[in-house]
Amino acid sequence: MPLVALLLLSAQVARTPTPVAPPLTRGHPVCAGVRVLAPNLATQPRNLTFSSRQVLDLQFQARLHQNFRGDHLMQFKVFTPGGFLYQVIAVPFVGTAPAPDAPTRAARARTESGPPPPRPVPGYPRPLPVQRLVPTAGDTRTRVHYGVSATLPVAGTSITLSSLYGRWTVQSYLDGQPAPCGPASQFTIRE
């Protein structure tokens with residue numbers, strides 16, 4: 001192979017972006033879904049029906065089947081009962097995958113004592129707080145999931161002021177992928 005062709009090929013390979021997340025497939029999604037909770041309720045409703053008179057905020061927790069290394073971004077897209085996009089909540093996060101060797105583990109342990117520094121996210125005027133993945137209970141497929149959380153305010157928002165009651169949907173998207181990283185979750189907000 002001529003040297004010029006080899007140099008062009010190596011330059012093209014160097015410019016090819018490295019995927020930051022595993023490929024998304026229908027059979028094996030990266031996310032197990034989104035858990036919907038009301039943090040201020042002592043007992044969570046089994047049918048995911050929340051009263052706007054009792055709930056201040058809802059918490060979404062995207063559950064990942066695996067741990068990740070490095071910086072990532074989870075987006076929660078929240079849809080109204082009419083199917084319209086209500087809000088996109090962006091949450092930067094870092095994985096907790098163990099470092100490969102002892103010195104790196106020791107250095108990482110020192111940096112993990114405090115929260116990661118905020119990170120700029122396109123479309124947001126200020127850097128956003130960065131979460132660390134949190135191990136949570138898994139399911140029959142994966143014993144441990146890793147969670148990323150976001151909060152949707154309910155009380156005093158257009159949800160209550162405009163009576164946007166009914167069946168809502170939340171969908172999670174990882175690292176700007178066009179397809180969701182797992183199944184959608186549905187929940188109901190009533191008066």
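**Close-up views of a predicted model**

**View 1. The link of cysteine 31 and cysteine 181 is left-handed, with -85° about the S-S bond.** The pair connects distant parts of the chain, 150 residues apart: cysteine 31 belongs to strand S1 (residues 31-37), whereas cysteine 181 sits in the loop between strand S9 (166-174) and strand S10 (185-190). In this predicted model, the S to S distance of the disulfide that joins cysteine 31 to cysteine 181 is 2.0 Å, and a search of the whole structure finds one disulfide.

**View 2. Both ends of the disulfide, cysteine 31 and cysteine 181, are buried.** Cysteine 31 has a relative accessible area of 0%, and because its value of 1% is under the 20% cut-off, cysteine 181 also counts as buried.

**View 3. Serine 163, a residue other than glycine, has a positive phi, near 50°.** This serine 163 is placed in the loop between helix H3 (158-161) and S9, on the N-terminal side of that strand, whose residues are 166-174. With a relative accessible area of 46%, serine 163 is partly exposed, since this value falls between the cut-offs of 20% and 50%.

**View 4. Aspartate 175, likewise a residue other than glycine, has a positive phi, near 55°.** The loop between S9 and S10 contains aspartate 175, and cysteine 181, which is joined to cysteine 31 by the disulfide, is placed in the loop between these two strands as well.

Methods:
Residues numbered from 1 in each chain as written. Predicted model: local features only at pLDDT ≥ 70, side-chain atom pairs only at ≥ 80, totals over all residues. Heavy atoms only, no water. Disulfide = S-S within 2.5 Å. Helix = DSSP H or I, 4+ residues; strand = E, 2+ residues; numbered from the N terminus. Buried < 20%, exposed > 50% of the residue type's maximum accessible area, 1.4 Å probe, protein only.
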